[in-house]
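Got the viewer open? Let's take a walk through this one, stop by stop, with something to select at each.

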Amino acid sequence: MRHELELAYVGIQVPDPGGLSSFFGEVIGLVPGDEGPGGTITWRDDDRAHRVIIEPGPLGDASFVGLEAVDPGAFDAVADRLRGVGCELTVGTDDELSARRVSRLVHTAAPWGGRIELVEGLAAASSPFASPLVPGGFFTEGVGFGHVVFATTAFDESHALLVDGLGFGQSDWVEVELAPGLPLEVRFYHCNPRHHTIAIAKAPFDLPQALHHVMFETNVRDDVGLAFDRAWASGLGIPNGLGRHDNDAMFSFYVASPAGFQVEVGHGARVVTDDWDDNRRYDRISAWGHQALRQ
Ligand SMILES: [Fe+2]
């Protein structure tokens with residue numbers, strides 16, 4: 001398996017970044033990262049400077065996804081491959097490098113909307129990660145901070161960019177009929193042992209919000225249960241209660257953020273191995289559970 005990239009960060013643009021603070025801090029259990037320029041608020045789930053970057057603005061959606069190259073050679077290889085498939089790469093400005101806390105950055109348009117930022121050297125945080133709400137911490141070492149899932153009508157374009165441009169491998173896919181005449185297709189892509197770093201759902205029409213969810217994986221199973229209790233107590237929507245996905249075997253639940261997109265908190269997903277030969281269709285999202293509990 002090619003391991004050139006790890007999920008560095010996701011940028012989300014909402015009118016009031018502070019409005020998500022109690023959600024990320026008190027429900028999910030992330031800890032604040034350094035404050036960014038211009039009213040940007042950041043969050044982290046490990047020892048890096050920031051992993052979720054909430055910037056003020058009208059978009060109400062993910063505005064960028066950062067993929068960190070594991071070394072300078074990987075950065076150059078991915079950049080060359082992107083150019084080779086016709087992507088126009090823009091070199092990050094000094095202001096962008098300092099805002100993202102990285103040493104190198106190029107970006108291109110994501111087919112699902114916003115930017116893909118290829119970066120190198122995401123800075124360490126000024127203090128080690130410790131969350132009293134998630135005592136076991138999050139699983140990020142060598143696999144990036146979590147995963148992100150987008151829904152888009154640009155399904156084939158997204159696949160081409162991820163596989164041919166960024167060099168992701170397809171892990172597997174899900175095809176289900178949510179209701180008669182309402183099909184759902186989701187493709188899952190890896191760029192390191194994490195089963196999927198990005199997944200793309202085929203949207204039947206353009207949605208106001210492409211970002212479906214961001215996932216954080218705990219090291220300890222009970223930390224998912226504790227997060228579920230906090231989500232339940234918060235009164236926020238629980239689109240999917242506790243369950244286990246069929247394809248990545250993740251034990252998880254989903255809570256709706258105040259900005260609409262969801263957060264999945266999970267544990268124990270299987271990892272992709274060098275001899276991965278399980279790229280196949282699944283006809284159900286979950287082996288058990290994940291029922292809609294509260295809208
Ligand atoms: Fe997920």
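Start with the biggest opening. The lining of the largest pocket splits into 18 nonpolar residues, 10 polar and three charged. Keep in mind as you click around that this is a predicted model.

**Stop 1: the largest pocket**

Select Leu-178, Leu-184, Val-186, His-212 and Ile-285: of the 31 residues that line the largest pocket, these lie nearest its centre. The pocket's volume comes to about 690 Å³. Now colour by strand. Which strands each supply at least two residues of the lining? They are S9 (147-152), S10 (169-179), S11 (182-190), S12 (198-202), S13, S14 (240-245) and S16. S11 gives the largest share, with five residues.

**Stop 2: the iron ion**

Next, pick the iron ion and show its donors. His-147 and His-213 each coordinate the iron ion through NE2, and Glu-264 does so through OE, at 2.0 to 2.2 Å. Along the sequence, the donor residues follow the spacing H-x65-H-x50-E. Highlight the pair His-213 and Glu-264, which links distant parts of the chain: His-213 sits in strand S13 (residues 211-218) and Glu-264 in strand S16 (residues 262-267), 51 residues apart.

**Stop 3: the sheet of 10 strands**

Zoom out and show the ribbon. Here is an open sheet of 10 strands with mixed pairing, and you can trace it in the order S17-S10-S11-S12-S9-S13-S16-S15-S14-S18. At its edges are S17 (281-282) and S18 (286-289), each of which pairs on one side only.

Go to the S18 edge. How do S14 and S18 pair, parallel or antiparallel? Antiparallel, over three bridges. To see the two strands facing each other, select Arg-244 and Trp-288: Arg-244 stands opposite Trp-288 in S18.

Then bring helix H5 (residues 221-234) into view. H5 lies across S13, S14, S15 (251-256) and S16. Line the helix up against S15 and you'll find it running at about 25° to that strand.

**Stop 4: the sheet of eight strands**

Now for the other sheet. Eight strands make up this open sheet, again with mixed pairing, in the order S2-S3-S4-S1-S5-S8-S7-S6. Its edge strands are S2 (31-32) and S6 (90-91), and each pairs on one side only.

Take the S2 side to begin with. S2 and S3 are antiparallel and share two bridges. Select Pro-32 and look across to S3, where Trp-43 is its bridge partner. Step one strand further in: S3 and S4 pair in the antiparallel sense too, over three bridges. Thr-42 is a good residue to click here, as it stands opposite Ile-53 in S4. If you're following side chains along a strand, remember that in a regular strand they alternate between the two faces of the sheet.

Cross over to the S6 side. S6 is joined to S7 (residues 104-109) by two bridges, and the two strands run antiparallel. Select Val-91 and you can pick out its bridge partner in S7, Val-106.

Before leaving this sheet, show helix H1 (residues 21-28). H1 packs on the sheet, touching S3 (41-44) and S4 (52-56). The direction of H1 makes about 15° with that of S3.

**Stop 5: the cavities**

Last, turn on a cavity display. How many cavities of 30 Å³ or more are there? The count is two.

The largest cavity has a volume of about 50 Å³. To frame it, select its lining: Phe-139, His-147, Arg-194, His-195, His-196, Glu-217, Asp-248, Met-250, Ala-269, Arg-270 and Val-271. One of these, His-147, is the residue you met as an iron donor. By type, the lining divides into four nonpolar, three polar and four charged residues.

For the second largest cavity, at about 40 Å³, select Arg-2, Glu-4, Leu-5, Leu-166, Gly-167, Phe-168 and Cys-191. This lining has four nonpolar residues, one polar and two charged.

Notes
Residues numbered from 1 in each chain as written. Predicted model: local features only at pLDDT ≥ 70, side-chain atom pairs only at ≥ 80, totals over all residues. Heavy atoms only, no water. 1 Å grid on protein atoms, 1.4 Å probe; cavity = no way out; pocket = protein on both sides within 12 Å on 5 of 7 lines; lining within 4 Å. Points joined across faces, edges and corners; volume = space filled by probe spheres on them. Nonpolar A, V, L, I, M, F, W, Y, C, P; charged D, E, K, R; others polar. Pairing = 2+ DSSP bridges. Helix = DSSP H or I, 4+ residues; strand = E, 2+ residues; numbered from the N terminus. Contact = heavy atoms within 4.5 Å. Axes fitted to C-alpha atoms, helices over the stretch in contact; angles between N-to-C directions. Donors = N, O, S within 2.8 Å, 3.2 Å for Na, K, Ca; no water.
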